[in-house]
Amino acid sequence: MPSFSSAMSFMALSLSLSAVVQAAPAPVPTTPPSLQERASSCTFSGSSGASSAIASKKSCSTIVLSDVAVPSGTTLDLTDLKEGTEVIFEGTTTFGYKEWKGPLISISGTDITVTGASGHTINGDGSRWWDGKGSNGGKTKPKFFSAHKMISSTIKGLNLVNSPVQVFSIDNAQDLTLSDVTINNSDGDDEGAHNTDAFDVGESSGIYISGATVHNQDDCMAINSGTNITFTGGYCYGGHGLSIGSVGGRDDNTVADVKIESSKIVNSQNGVRIKTVYGATGSVSGITYKDITLSGITDYGIVIEQDYENGSPTGKPTNGITISDVTMDNVQGTVESDATEIYLLCGEGSCKDWTWTEVSVTGGKTSEKCENVPDDISC
Ligand SMILES: *[C@@H]1O[C@H](CO)[C@@H](O)[C@H](O)[C@H]1NC(C)=O
Ligand SMILES: *[C@@H]1O[C@H](CO)[C@@H](O)[C@H](O)[C@H]1NC(C)=O
C-alpha cells in the first residue's frame, strides 16, 4: 500500500473518531484514494475504544485494541469484518458490569486473524457475577467470546481470565483454528464460578484447537454438533473433561469425525465423555480419543451415556442416536478411589463398531450398571 493512503486514513479517523492510527505522516495526495485503499492499521484504547472500533472496523485492515475498557452492556462487536482483517489485543481488556447475556466479545468474518500482544490479558472479572449457579439461575451472566461465522480464520495466543460463564462459543464456523489459547478461571474455584465451558462447538466444520491450556469449572470442550473437529495438545484442569454432547434435541444432531489427541485431563470431574439425549434422534460417529492422560478424576474416567434429559442423567438409555466408530487408543490414567473408572450406558444396539486399544483407567470403582456395551469392550 502506498504511504499516502495511510495518511488519508489517519486524517479521516483522527478527525471523526479519536482513534489513533499508527502510520507515518506523508504528504496529502491530490487524488483521494478509494475506500478500499484507505484500509489501514487502527489503534483503539480506553473507555471510548470499543465504540470507536465498532464504528470504524470496516475501514481498518488491522485493529489494535489497546487497554480497551468496554462499557457495561456493550458487546465489543467486531462482527462482519472486512476479509483479511487482523485483530490484536494489547494490554488489558476489561468490561463493565451488567446482568445480561452478552457476549462480551463477538468476532466474525473471513480470513480473520485474532492474536494477543505479549503480556496482554482479556479479563472478564467474573467474580462480579459468580454465584454458584452458572447459567442455571441467579444473576444473568454474559458469555465471553462469540466466534460465530468465522470462516478460514485463526485465533492465536489469546489469554483470557475469569469468565463470568461460558468462554468460547464456536458456532457456524468453518476452517477455524484456535491455537495456544489460555483460559484461566482458577479464581472461580473458590468463588462460585459455574458452567464456564472453555470451548463450546456447534454446527461447525474444520475446527482445529491446538495447545489450549484451560483451568475452569465445566467442560474443557463440548461438541454439540459439527464435523471434522480436532482438539490436540491440550491441558484441561479442574473442569468436567473433554466431551461430546449433550447431542440431541437441537436443529443439528450430528457429530462426525472428531479427533481428541495428545491431551492431559487433570483434577476434573470426568476424563472423556460422550452423552446423548434421552428419546432424541441423531448420530455420533468417527470419534477418536488418542494419547489421553487422566489424573485426579473425581466422577468418571471414561463415560458414554445415552440417558440425558434436561441436563441430567436419568439412568434410562434410549437408542435413537447411534454412537458408532469410537476409537480409544492409549487412554490411560487414574481416578480418585470413590470415582468410577469406566461407565457405559447405551441404548439397545445403538453403540457399535468401537475399537479400544491400550485403555487403562485405574484407582477407582468398576461400574456394575453398564448396559448394551459393544462386543470386546468392558466397563
Ligand atoms: C492460573 O492463574 C493462577 C494465578 O492466578 C496460577 O497460579 C495458575 O498457574 C494459572 N493456571 C494455569 C493453568 O495457567
Ligand atoms: C478438516 O478441517 C481442516 C481444518 O481444521 C481442513 O484443513 C481440512 O481440509 C478439513 N478436512 C475435510 C475433509 O473437510
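Among contacts in the protein between residues at least 6 apart in sequence, 68% join residues at least 24 apart. The model is predicted, and its mean pLDDT is 92, with 90% of the residues at 70 or more. With the whole protein displayed, the secondary structure to be seen consists of three helices and 32 strands. Of the 379 residues, 46% are buried.

**First selection: residues 1-37**

Colour the model by pLDDT and select residues 1-37, where the value stays under 50. The model has 54 contacts beyond four places in sequence for this stretch. Where pLDDT is low, the predicted coordinates should not be read in detail.

**Helix α3**

Next, select helix α3, which spans residues 49-56. Which of its residues are buried? They are G49, A50, S52 and A53. These residues cover an arc of only 165 degrees around the axis, and therefore lie on the same side of α3.

**Strand β3 and D67**

Move to strand β3, residues 60-70, and select D67 within it. D67 counts as partly exposed because 16 other C-beta atoms lie within 10 Å. Apart from neighbours within four places in sequence, D67 is in contact with S45, G46, G91 and T92. For one of these, S45, the viewer can show the separation: the C-alpha atoms of D67 and S45 are 5.5 Å apart, although these positions lie 22 residues apart in the chain numbering.

**Backbone features**

Select G102 and P103, which are joined by a cis peptide bond with omega of about 0 degrees. P103 belongs to the loop between β6 (92-95) and β7 (105-107). A further cis peptide bond runs from G245 to S246, where omega is near 5 degrees; S246 is part of strand β23.

Two residues with positive phi follow. K149, not a glycine, has a phi of about 50 degrees and sits in the loop between β11 (145-148) and β12 (150-156). K149 is partly exposed, with 19 other C-beta atoms within 10 Å. N372, also a residue other than glycine, has phi near 55 degrees. N372 is placed in the segment after β32 (355-362), and is partly exposed, with 16 other C-beta atoms within 10 Å.

**Ligand 1**

Centre the view on ligand 1 and select the residues around it: T182, N184, S186, T213, H215 and Y237. Two elements give two or more residues to this shell, namely β16 (182-184) and β19 (213-215). By class, the shell around ligand 1 holds one nonpolar and five polar residues, and no charged residues.

**Ligand 2**

Ligand 2 is the next stop, with D175, G206, Y208 and N228 around it. What classes of residue form the shell around ligand 2? There are one nonpolar, two polar and one charged residues.

**H240**

Finally, select H240, which the UniProt annotation "active site" covers, in an unreviewed entry. H240 is in the loop between β22 (235-237) and β23 (242-247). Is H240 buried or exposed? H240 counts as buried because there are 24 C-beta neighbours inside 10 Å, and the cut-off for a buried residue is 20 or more. To display its surroundings, add D218, D219, S268, Q269 and N270, which H240 touches when residues up to four places away in sequence are not counted.

Conventions
Residues numbered from 1 in each chain as written. Chains lettered and ligands numbered in written order. Predicted model: local features only at pLDDT ≥ 70, side-chain atom pairs only at ≥ 80, totals over all residues. Near = placed C-beta within 6 Å. Nonpolar A, V, L, I, M, F, W, Y, C, P; charged D, E, K, R; others polar. Helix = DSSP H or I, 4+ residues; strand = E, 2+ residues; numbered from the N terminus. Buried ≥ 20, exposed ≤ 12 C-beta atoms within 10 Å, placed from the backbone. Contact = placed C-beta atoms within 7 Å. Arc of directions from axis to C-beta. UniProt positions renumbered as here; feature names shortened; annotations may be inferred. pLDDT = per-residue confidence, 0-100.
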